[in-house]
Amino acid sequence: MSITPYIVGNWKMNGTRAMLTEARAIDRAAKRFPGVQVGIAPPFTLIHQLREEVTEIGVGAQDCHVEGSGAFTGDISGPMILDAGADFTIVGHSERRAMHGETDELVRAKAEAAQAAGLGVILCVGETEAERDSGRAEEIVTAQLEGSLPRTERAPYKLSVAYEPVWAIGTGRVPLVSDVGAMHRAIRAKLLEVYGADGAESRILYGGSVNAKNAAELLAADEVGGALVGGASLSAESFAAIMGAAGAGSE
Ligand code: PGA
């Protein structure tokens with residue numbers, strides 16, 4: 001990889017203050033891999049404290065409301081996330097698309113609101129197993145991107161796209177490396193179509209059952225600029241091994 005690889009942990013709804021110990025260990029590990037950019041997206045409740053505890057890694061949220069403030073019980077806005085000390089947010093994760101009915105249009109609005117607040121954005125897309133089996137995965141994922149990419153002037157600069165096949169998330173199953181490469185090339189082509197030459201700036205991360213064993217192979221696939229890691233980011237040991245795989249690949 002010629003670009004700086006970006007390895008991001010998505011803690012999902014896991015972690016109480018006891019997990020700050022693990023975050024400190026992840027932070028110490030990140031120091032060993034200066035050629036790798038590392039981030040953790042803990043639950044909202046840990047963002048502020050985690051930010052106070054770490055120095056080497058970015059801290060992010062897992063979602064962001066489209067409005068800055070107002071009568072939206074239970075929601076958290078971009079300016080609040082920034083104020084808590086985060087520097088990026090994930091939007092459009094398949095768990096939010098599936099369990100909260102988030103549409104491409106809403107995901108796009110969230111990405112634009114997050115960027116307007118000054119946050120970097122990791123925009124997730126990915127096909128279901130039935131869609132993969134239908135042979136239309138690339139068509140479906142690029143259509144999702146077309147609908148969810150932010151379209152403001154600043155859009156391509158603080159944007160990463162995470163390709164996460166829904167059937168690979170938390171299942172221990174991963175696509176063929178050649179399929180990952182093909183999908184990432186299709187995503188790059190869409191980014192160039194939408195943003196022109198600036199579309200080359202965004203990193204495209206792979207996510208879905210990335211672990212210490214398969215990381216090197218997945219990170220070496222075409223146009224893979226990093227990884228979005230769920231389960232394996234909850235332990236410093238396995239997450240550090242993934243950072244190591246990215247660090248070795250970037251030398
Ligand atoms: P997983 O999750 O690594 O546990 O499969 C990845 C994700 O959902 O971001």
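## Exercises on a ligand site and a helix pair

Of the 13 residues around the ligand, those that come nearest are Lys12, His93, Glu164, Gly170 and Ser209. Keep in mind that this is a predicted model.

**Exercise 1.** Work out which residues place an N or O atom beside an oxygen atom of the ligand, and whether side chain or backbone is used.

*Solution.*
- Step 1: Recall the cut-off, since a polar contact needs a pair of N or O atoms within 3.5 Å.
- Step 2: Begin with Lys12, where an N or O atom of the side chain lies 2.7 Å from an oxygen atom of the ligand.
- Step 3: Turn to the backbone: a polar backbone atom of Gly170 is 2.6 Å from a ligand oxygen, and one of Gly231 is 2.8 Å from a ligand oxygen.
- Step 4: Now look at cover: on its own the ligand has 280 Å² of accessible area, and the protein covers 95% of that.

**Exercise 2.** Sort the shell around the ligand into nonpolar, polar and charged residues.

*Solution.* Go through the shell residue by residue, and you should arrive at 7 polar, 4 nonpolar and 2 charged.

**Exercise 3.** Describe how helix H5 and helix H7 cross, and which residues meet.

*Solution.*
- Step 1: Find H5 at residues 104-116 and H7 at residues 137-148.
- Step 2: Their axes come within 7 Å and cross at roughly 50 degrees, which means that H5 is oblique to H7.
- Step 3: List the partners: from H5, Asp104, Glu105, Val107 and Arg108 meet Ala143, Gln144, Gly147 and Ser148 of H7.
- Step 4: Sort the residues of this contact, and you get 3 charged, 3 polar and 2 nonpolar.

Terms used. Residues are numbered from 1 along each chain as its sequence is written. This is a predicted model: local features need pLDDT of at least 70, side-chain atom pairs count only at pLDDT 80 or more; totals for chains, interfaces and linings use all residues. Side-chain values use heavy atoms; hydrogens and water are left out. A residue is near a molecule or strand if one of its heavy atoms lies within 4 Å of it. A polar contact is a pair of N or O atoms within 3.5 Å; within protein, one must be able to donate a hydrogen and the other to accept it, and residues adjacent in sequence count only if both atoms are side-chain atoms. Accessible areas come from the Shrake-Rupley method with a 1.4 Å probe; for residues, only the protein chains shown count as cover. Ala, Val, Leu, Ile, Met, Phe, Trp, Tyr, Cys and Pro count as nonpolar, Asp, Glu, Lys and Arg as charged, and the others, Gly among them, as polar. Axes are lines fitted to C-alpha atoms, for helices over the stretch in contact, and angles run from 0 to 180 degrees between N-to-C directions. Helices (H or I, at least four residues) and strands (E, at least two) are DSSP runs, numbered from the N terminus. Angles under 35 degrees count as roughly parallel, over 145 as roughly antiparallel, 65 to 115 as roughly perpendicular and the rest as oblique. Contact means heavy atoms within 4.5 Å.
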